[in-house]
2 protein chains.
Amino acid sequence: MNKIKSTISILILSVLFTVHANAQAGKTIVNNAKELDQAIKAAKPGDHLVMANGVWTDIIIKFKGVGTEAQPIVLEAETPGKVFIEGQSRLRLSGEYLEVSGLYFRNGFTPKSTIIDFRTDNESVANHSKITNCVIEGFTQPDREEKDNWVQFYGRHNELSNCYIAGKSNPGPTLRIYLNGNENINNHHKIINNYFGERPRAGGPHGETIQLGDSYTSMTPSYTQVSNNLFERCNGEVEIISSKSNFNEFTNNIFFESEGSLVLRHGNYAKVDGNVFIGNENSTAIGGVRVVNTGHWVTNNYFYKIIGSDFRSAIAVMNGIPKSPLNRYNQVTDVVIAYNSFIDCISPLQFSVGNNSDKSDVLPATELRSARPTRTIVANNLIYNHDVNETKPIFAYDEVDGVSFYNNILNTNDVSGIDTNGGLTQEDFTVNKVTDWFYTPSKSFSDVYNGFDFEQISKDLVGNDRTDNSAIGAVTFPFDDKGKVEINKSQYGPKWLDRSGKKAKSKTIKVTSAEALAKAVKEANSGDVLELKSGTFKVSETMKIDKDITIKSAGKKKVKIVYSGAANTALFQMLPKGNLNLDNVAIEGSKTQDAFATLEKNMSTVYKLKINNSEVSKFSSVLRTYKGSLADSLVVSNSTIKDCTNGILLAGEDDDKGDYSAEFVTIENSTFDNVDQNVLNYYRGGYDESSIGGTLVLRNNTFKNSGSKEESKILLQTRGIVNIDFNGNTFKDNAVSYIIVLWGEKGQVSVNNTIDNSGEVKTEQNLKMKLMY
Amino acid sequence: MNKIKSTISILILSVLFTVHANAQAGKTIVNNAKELDQAIKAAKPGDHLVMANGVWTDIIIKFKGVGTEAQPIVLEAETPGKVFIEGQSRLRLSGEYLEVSGLYFRNGFTPKSTIIDFRTDNESVANHSKITNCVIEGFTQPDREEKDNWVQFYGRHNELSNCYIAGKSNPGPTLRIYLNGNENINNHHKIINNYFGERPRAGGPHGETIQLGDSYTSMTPSYTQVSNNLFERCNGEVEIISSKSNFNEFTNNIFFESEGSLVLRHGNYAKVDGNVFIGNENSTAIGGVRVVNTGHWVTNNYFYKIIGSDFRSAIAVMNGIPKSPLNRYNQVTDVVIAYNSFIDCISPLQFSVGNNSDKSDVLPATELRSARPTRTIVANNLIYNHDVNETKPIFAYDEVDGVSFYNNILNTNDVSGIDTNGGLTQEDFTVNKVTDWFYTPSKSFSDVYNGFDFEQISKDLVGNDRTDNSAIGAVTFPFDDKGKVEINKSQYGPKWLDRSGKKAKSKTIKVTSAEALAKAVKEANSGDVLELKSGTFKVSETMKIDKDITIKSAGKKKVKIVYSGAANTALFQMLPKGNLNLDNVAIEGSKTQDAFATLEKNMSTVYKLKINNSEVSKFSSVLRTYKGSLADSLVVSNSTIKDCTNGILLAGEDDDKGDYSAEFVTIENSTFDNVDQNVLNYYRGGYDESSIGGTLVLRNNTFKNSGSKEESKILLQTRGIVNIDFNGNTFKDNAVSYIIVLWGEKGQVSVNNTIDNSGEVKTEQNLKMKLMY
């Protein structure tokens, strides 16, 4: 016994000695979890704990310590970006003045509910601590339905800076700030200089990139600063940022083609200043700023091609619910929207968004958004549209009687029909192009309105002084700060991050046999094209698609693939990140297998599938999907589907939580012939306003001889899908009662469809849905 | 025409000259409204506009100007307290750095909705301005149902200091702060060193003394300071102060026998520090602090004989409504209750007040207060009770699972049955008497809990430092600051105010004839006693009672007054402030008149009536009252009521707004014989929780041969009356179906009543009431 004790003591001593021996100039290099733990326990103010380069797998870091302002305790990578945190790993901090730098989280996921947490237990939070120069990339749960938050803030005066964070595809905000408990309020956290990379579409709620508080703490003072960040394609849900506390500041951020908005959802007195929102002409999902509640100032922002409407307009000012419940919509009051520029946004100012007072017979009073914005000022904004003569710069879903307009200008004729009492005037002017997306007026409009407290808007978008030389719009005149309005990605995220975005050059692989096909699918790089020589390929094993791959015929004639695999297997199995493009190929089964299918579980992120100019025949189903999978997009075009038992199955959701199975489904110029049932079963159960869709395009197709075994008696099942474009299709001899049941409230209509011996199109105005809050 | 113009010019010039001529050292004396207006228009920073001594009747003052911090513009009384504002008058201010001093508002009322308003119109508010050394006394609307606010705050940095304000008896807060509009938030108003004198019971809602914001602006930052004020018998309603905005401070105030509480009703993060709440052993209506919402700190307060429970306990921590509507009850979270002393309060700490979750079958979900307080800390409080061995220091209306107790002590055995996890311990100690109501522990308890941010509680109740010498309870040990805990009324209100409270010495007037009686009633001083020589007084004219007067028999035998006045007139007409005490008198009518009646309108304030050892017979009604009248108390004791058509009529309310007609009704040891109908009709329509009652005591009476013409078939009608003590009465031969209908929910029960041939007592558990919000 004594001997064992001695041995242990020696071991401990030797470890301590090792740690000590490596210490140079306050630096302690650690090589494994045990050394790290001990170094943390021994750390004094000013110490640097250096994690050795390499892969750290399944590492649970509990970084507790007390540094000082002058001498923080630093946990850092030996070489920034060369310390890889993989497997089931996480990091928690508590104490004072701690700093973590240079770590790279990848190839794994957190075993608990957070990757980085500014507390180590319910009682111990971090203060004055920061995470900087780190990367979290695709460190997402294998099960896309498993919820977590990647970075979780508690305490006060903490910071996330110069980090790159991307690829979260499970529910839960990427970054969340907690305010429950007095030790977490008045937090003055800083989220600055970060690069928030792509967050895939979520196909359901809880896909925010940043959430600050929740409705239960929406009365708390937060004072969080979110500044100088780049949000690139943060498509998680309708709220990129969800501000739910008070006195937060969102300044000088760039939102690049991100499908959602900066939403002032709960809480009050936010400052939204100097941000840039960049959309494009293709997407109505890219939003700007959505305003709820009281006392926000939305100033000096620049909006380019934000062409969405309603929730996703450039500025969406909502209607509230009178005496709203805590978690619903308070009335907008005392808001100032000033000195913003809107270029090519068509109808950027939308008021009373969410008004549903016409639904008083189907909704309870606590759901009726009938309280219009009041005591709200819209002043000194500039609206410019190229190539149009008439626009509705203001779009209102209710009367506009609580908004005062002063000194706003636009270049087009205003056909809004809204009386602004002279506060929005048409002016003759052009714009100068500064960058691809930045335009400034070619002349000065210096007659600005100075309302109460307007002197606090002392700078413009790029920091120029407004005191003596102000002008309508986001920038003063003349403008010669081109350098300040270019997106310089090197400003965002860690210095060491490779932002080149270079991919391996895609190559074409000639395939002449079934064996070669299987091998090529396995070994190809993402982006490669597999060209199949004409003839028939007899395939007996499932091919797994986990990358971007195209399979096409080498010639003009369709190449044929005949699948003889076991029953209930798929010819192509779609894995997370899989993106299969099938072109000019005919695939054929023996009625017992699926043409395409997802994994049954662990579909950690989205997949894409495109079937073009192809033929699918004799399968048990065309596409079989499971709960938790999400097709970002599914396209069937110029193709024929025939002699299948089932068609496209996108109805895996069974708990009505609003997590549907495909975001965009497009079926066009195709023929469905002799598909027994579930020609299309595209389902969304549960409803909230967080997500776009699904979105279904059905154009110029022919459906015939199908639906004979359809139990629902509906040929195309689309229950709960929000957007449907149903146009130019032909239906002939389908043995069903209904072609489709459209959702009238969402504006779904049947256009130019021809129906012959195929049941009818039905429209239900209001759908009874389970609300998600 | 020219001549007229010239004359006008000369007049104007001469007025200007007069104004100028009176100016001495920047002082301009003004004698009338016109001069005042002109002086205001001409005023420059540093000017003093002096209102000449005397009575200013029907004066509308619009004080607009721009002073500076160093040189405010001052509007002042020639001699403080000698400028009387009377009639229909009011004062409004707008601009910067204005000061009003020394005015005395009395004998009148405002013609509009305010007496003093810190704005002159919707667009023009005052900032950095103050009202000081003024009095508003009884300047109340003649119609008690007409609503107004006496002092109305807008703008920022305004002050009410050293004022005496008393006698508001109509609806509407005495002082109200508005926060609608960005120019009114972050206001930092100061309400300091004022003397808030008696506010009579209101018999309905809207009787707050101070209201800060409302539920619609409850998200706004206010930062109002209410400090060093004396609240003396501010009995308006359940909320003496109603805080409905954020970051307000209530410090060092004294609440003396005021029926109500300092209520943190909406809004969050209030500081309630160093206040004194003084009750007495007779009243359960005198409350302390009622807590709703988030983040309040209730520290260093002293509570003496606050013996009420529920809403009116010393500390009432409420249950909230889950996801509460804006105007209802948010959950209590993150509240700190520390370093308070409770002397003789019995059960000072009451939790989950308002819990009504057992009523889920009769109330909508939006009314169910089922969300218990959470993340709430109760620490370092001292509880002492004289002369009892066992108490329930904590009283809970629900589980106590969200409250943490640390280092609280009490001297009695705790029979609460609440597990405080050792956070409330019984200690052996006594207290030293410092003043009539101030006691301190005779030994030190210095083992204090130091929670998060507790270092901000750096001082005790009287300003002693806690840093190095803290102790449990409101004051540190040893305590030798007697001078700081005496009520020195000269500290509150204007220096020139007569606080002696001396009244003319009451005298006894011997009355020997009916004429002399009428003359004496008219000419007596308040407090006088009229002694009627034995015999019969034949009175034919109504006697009006507008003061405190006693009419009694000079001998042991009842004296008799026979009234022969016209039909529908009253022998005694009760006017506002009337207080009639009838003792040992028999009054008799001829069945067409009322014995007592109020005015039909303009009952501007309460009246009182006591009938003791007397007899009332042959009247159309014993007491006839009208809508808008309020009996503060009505007592019938040791008396006989007989042969009347109606009894006591207290049912004037016809609009169910919760304004009932009598606060306290006591009927004891009396006999009602042969009263045809409305033996008692005491009605409250509409219900909210702002007011106490009514309160009815019915003890040891006999009711017989009555109710024969009662349409309701209920002998004693008490619908909506909240408190009923129904004990020891005898009912015989009353031709009704029900004696009384009791309200079960309010705990009304029948005790020891004897019923013979008189219908039955019925109890309704829940009463359907019109809610008032």
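Which residue of β62(B) stands opposite B:A631? I opened my notebook with that one, and found B:A662 across from B:A631. A reminder to myself before going on: this is a predicted model.

**Entry 1: around β60 of chain B**

I stayed with β60(B) and looked at its partners. β60(B) pairs with strand β62 (residues 662–668) of chain B in the parallel sense, over six bridges. Strand β57 (residues 607–612) of chain B also runs parallel to β60 (residues 631–637), and six bridges join these two. I picked out two residue pairs there. B:K608 has B:S633 in β60(B) as its bridge partner, and B:L609 stands opposite B:L634 in β60(B). A textbook note for the margin: strands of a sheet pair through backbone hydrogen bonds, either parallel or antiparallel.

**Entry 2: the whole sheet in chain B**

Next I wanted the sheet that these strands belong to. I found an open sheet of ten strands in chain B, with parallel pairing and the order β47-β48-β51-β54-β57-β60-β62-β64-β67-β70. Which strands sit at its edges? They are β47 (508–511) and β70 (750–751) of chain B, each of which pairs on one side only. I then checked what packs on the sheet: helix α3 (residues 514–523) of chain B touches β47, β48 (529–532) and β51 (548–553) of chain B. The direction of α3 makes about 160 degrees with that of β47(B).

**Entry 3: the sheet in chain A**

I turned to chain A and read off its strand order. Chain A has an open sheet of ten strands, ordered β47-β48-β51-β54-β57-β60-β62-β64-β67-β70 and paired in parallel. Its edge strands are β47 (508–511) and β70 (750–751) of chain A, with pairing on one side only for each. At the β70 end, I counted two bridges between strand β67 (residues 723–727) of chain A and β70(A), in the parallel sense. One residue pair I noted here is A:N727 with its bridge partner A:V751 in β70(A). Helix α3 (residues 514–523) of chain A lies across β47, β48 (529–532) and β51 (548–553) of chain A, at about 160 degrees to β47(A).

**Entry 4: domains of chain A**

I looked up how chain A is divided. The assignment gives domain 1 (268–502), domain 2 (504–599 + 615–622) and domain 3 (651–773). Between the C-alpha centres of domain 2 and domain 3 of chain A I noted 28 Å.

**Entry 5: how the two chains meet**

How many residues of chain A are in contact with chain B? I found 21 residues of chain A in contact with 20 residues of chain B. The chain A side of this contact has twelve polar, five charged and four nonpolar residues. I then tried the superposition: a rotation of 180 degrees with 0.0 Å of shift along its axis brings chain A onto chain B, with an RMSD of 0.0 Å. That is the relation of a two-fold axis. In chain A, the C-alpha nearest the axis belongs to A:P325, at 1.9 Å from it. I also noted that 95% of the interface residues of chain A are interface residues in chain B too, so the copies meet through the same surface.

**Entry 6: a loop seen in both chains**

I looked at A:Y329, which is in the loop between β33 (315–318) and β34 (336–338) of chain A. Is A:Y329 buried or exposed? A:Y329 counts as buried because it has 21 C-beta neighbours inside 10 Å, and the cut-off for buried is 20 or more. Beyond four places in sequence, A:Y329 touches A:V292, A:M318, A:G320, A:I321, A:S324, A:G354 and A:R369.

In chain B I chose B:G320, in the loop between β33 (315–318) and β34 (336–338) of chain B. With 26 C-beta neighbours inside 10 Å, B:G320 counts as buried. Its contacts beyond four places in sequence include B:V292, B:Y329 and B:R369. The C-alpha atoms of B:G320 and B:V353 are 9.1 Å apart, with their positions 33 residues apart along the chain.

**Entry 7: B:D143**

My last stop was B:D143, in the loop between β14 (135–137) and β15 (149–153) of chain B. B:D143 counts as partly exposed, because 14 C-beta neighbours lie inside 10 Å. Which residues does B:D143 contact, leaving aside neighbours within four places in sequence? I found B:K601, B:N602, B:S604 and B:G628. B:S258, 115 residues from B:D143 in sequence, is 24 Å away, C-alpha to C-alpha.

Note on methods: Residues numbered from 1 in each chain as written. Chains lettered and ligands numbered in written order. Predicted model: local features only at pLDDT ≥ 70, side-chain atom pairs only at ≥ 80, totals over all residues. Contact = placed C-beta atoms within 7 Å. Nonpolar A, V, L, I, M, F, W, Y, C, P; charged D, E, K, R; others polar. Least-squares fit on C-alpha atoms with pLDDT ≥ 70 in both. Domains from an automatic or database assignment. Pairing = 2+ DSSP bridges. Helix = DSSP H or I, 4+ residues; strand = E, 2+ residues; numbered from the N terminus. Axes fitted to C-alpha atoms, helices over the stretch in contact; angles between N-to-C directions. Buried ≥ 20, exposed ≤ 12 C-beta atoms within 10 Å, placed from the backbone.
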